[in-house]
Amino acid sequence: MKFVTTIGARSIAVLFVSAAGLLSQPAPGSCGTDLTPQFATQLGPLSTKSGLSKQSLLLTNQGPITKGTVYLAVYGLPAGITPIDFTWNSGCTALPGAYFFRIYLGYQNQWEANATLKVALQFSNPDNQPFRFSYQVLKGDVLPSPHAVPGDFDGDGLADLAVYLPKTAMWQFWYSKSNAQSNVVFGLPQQDRFLLGDFDGDLKADMAVYRPSTSTFIYRRSSDHVDVQIPFGTANDIPVPGDYDGDGYTDIAIFRPATAQWAILQSSTGTIQVLVHAPVGPFTVVPADYDGDGKTDPAYYRPDTRGFYILQSSNQQLRVIRNAALIGLPFAGDFTDTNQSSPATYDPNTGMVTIITPAGDIRQRQVNSHQRPVCGNTSADVGDEFATFNAQAANWIIHFEMAAPVPPPFVLSANFGTPGESIPLLAIPSSLSSPLVP
Ligand SMILES: [Ca+2]
Ligand SMILES: [Ca+2]
Ligand SMILES: [Ca+2]
Ligand SMILES: [Ca+2]
């Protein structure tokens, strides 16, 4: 991404980015269930040119329909050969040195019987040496699923600068991968509220809105550009999409304040899960993955107690994080590069940002007051950055390394959006369509 103005050395790093944001680590020791005997494999020829090797595999499912994330584990590579675009390095002991490639199974996340999929592999091969490798087809039932980086519409692992114009339902994008910009109208002007999510699980954000008049979720699948409408819930529900079942596909979900119910349409099963997580008094919903298990946790913030109330998906226990400094607009982001969200607030009156790290440490930054807060992963590291958006000027200021005890001077400034009309897509907390409920 090329920014209009750059301040500080970090701008160089931003121009050389990778899909590092997609990396996550599997649980040690677990490699998933071996499905290799179920699949017939046809290996394409290995071609090497200028230090880059390519080989394709055709995998045919000779068994029953397989639902859920499937990986190709590649191992036994000679020294000097490194796969490109893999999902993660192996942390499993059964396949030492294995690289995992996620096989995208479409918006339904299933592999039909007798269906064939092609997996195209690329390797860095500086010496142009001939080589072979071993592989396994693995069901990812004990592995975490990769997730799209929120706000990453072109799938390069970095959030794109993007805004929504409520007056015209116009979406404006500045893609980090190509540096191109585009405008798309999606939704109904003045009515629909934009949402964030990757509903078809292709690791690209989808344009999505919630239509309060009909309680309908509408999204455009980035994988095939088909629009999907799903009525869910009733009037006065708050849309809270997230990946609550952890399969890498965003789930349609609502929070119903009257009954304290979180109703989640689980993408992995198609069934509705209802959780009760009750706020008392004024609150804002702030679902995120606070315990780092790859599943969104229902959560809310209470300004009266300055606390985050998190229903942890890993153990179904309530965790309360309170701190007198948690004042203003609540949000959550992975500021410690641990795939774990930290509770945070931005006080529009003072410009103070407060973060409580997973270790319980407090981090504070003084930034501009009276801005729209934004949070997303715009740089090549794993975690999120905090940014402010000036609506009048359509100016972004991105602050790096929020988790460091001492703030380093890494700041980027960019002008993007339509001055006076834009809401940044990663805006907090309007991305959840959740104004403070008195
Ligand atoms: Ca991107
Ligand atoms: Ca998508
Ligand atoms: Ca899901
Ligand atoms: Ca979680």
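**Exercise 1. Asn128**

Task: In this predicted model, find which residues Asn128 touches, leaving out those up to four places away in sequence. Then decide whether Asn128 is buried or exposed.

Solution.
- Step 1. Apply the sequence filter. Asn128 then touches Thr48 and Gly51.
- Step 2. Place the residue. Asn128 sits in the loop between strand E12 (116–124) and E13.
- Step 3. Count neighbours. There are 11 other C-beta atoms within 10 Å of Asn128. A residue is exposed if the count is 12 or fewer, so Asn128 is exposed.
- Step 4. Check one long distance. Lys167 is 39 residues from Asn128 in sequence, and their C-alpha atoms are 55 Å apart.

**Exercise 2. The five-stranded sheet**

Task: Give the strand order of the open sheet that contains E13. Explain why one side of E2 and one side of E9 lack a neighbour in the sheet.

Solution.
- Step 1. Write the order: E2-E13-E7-E10-E9, with antiparallel pairing.
- Step 2. Look at the edges. Strand E2 (33–34) and strand E9 (88–89) each have a single partner strand, so one side of each has no neighbour in the sheet.
- Step 3. Register E2 against E13. Two bridges join E2 to strand E13 (residues 134–139) in the antiparallel sense. Thr33 faces Lys139 of E13. Asp34 has Leu138 of E13 as its bridge partner.
- Step 4. Register E7 against E13. Strand E7 (residues 70–75) is joined to E13 by six bridges and runs antiparallel to it. Tyr71 has Leu138 in E13 as its bridge partner.
- Step 5. Combine. Leu138 is the bridge partner of Asp34 and of Tyr71.

**Exercise 3. The four-stranded sheet**

Task: Which strands stand at the edges of the open sheet of four strands, and how many bridges pair E26 with E27?

Solution.
- Step 1. The order is E25-E26-E27-E28, and the pairing is antiparallel.
- Step 2. The edges are strand E25 (284–285) and strand E28 (318–322); each has a single partner strand, so one side of each is left without a neighbour in the sheet.
- Step 3. Strand E26 (residues 299–302) pairs with strand E27 (residues 307–311) over four antiparallel bridges. In this pairing, Arg302 stands opposite Gly307.

**Exercise 4. His277 and Ala260**

Task: Locate His277, list its contacts beyond four places in sequence, and describe the backbone of Ala260.

Solution.
- Step 1. His277 lies in the loop between strand E24 (272–276) and E25.
- Step 2. His277 has 18 C-beta neighbours inside 10 Å, so it counts as partly exposed.
- Step 3. With the sequence filter on, the contacts of His277 are Ala260, Trp262, Pro298 and Leu311.
- Step 4. Follow Ala260. Its loop runs between strand E22 (252–256) and strand E23 (261–265). Its phi is positive, about 60 degrees, although it is not a glycine. With 15 other C-beta atoms within 10 Å, Ala260 is partly exposed.

**Exercise 5. Asn236**

Task: What is the sign of phi at Asn236, and is the residue buried or exposed?

Solution.
- Step 1. Phi of Asn236 is near 80 degrees, a positive value in a non-glycine residue.
- Step 2. Asn236 belongs to the loop between strand E20 (227–231) and strand E21 (238–239).
- Step 3. Asn236 has 12 C-beta neighbours inside 10 Å, so it counts as exposed.

**Exercise 6. Nonpolar cores**

Task: How many residues has the largest nonpolar core?

Solution.
- Step 1. The largest nonpolar core has 74 residues; among those with the most contacts inside it are Ala162, Val286 and Leu425.
- Step 2. A second, separate core holds 23 residues, including Val70 and Phe123.

Note on methods
Residues numbered from 1 in each chain as written. Chains lettered and ligands numbered in written order. Predicted model: local features only at pLDDT ≥ 70, side-chain atom pairs only at ≥ 80, totals over all residues. Pairing = 2+ DSSP bridges. Buried ≥ 20, exposed ≤ 12 C-beta atoms within 10 Å, placed from the backbone. Contact = placed C-beta atoms within 7 Å. Core = buried A, V, L, I, M, F, W, Y, C linked by C-beta atoms within 7 Å.
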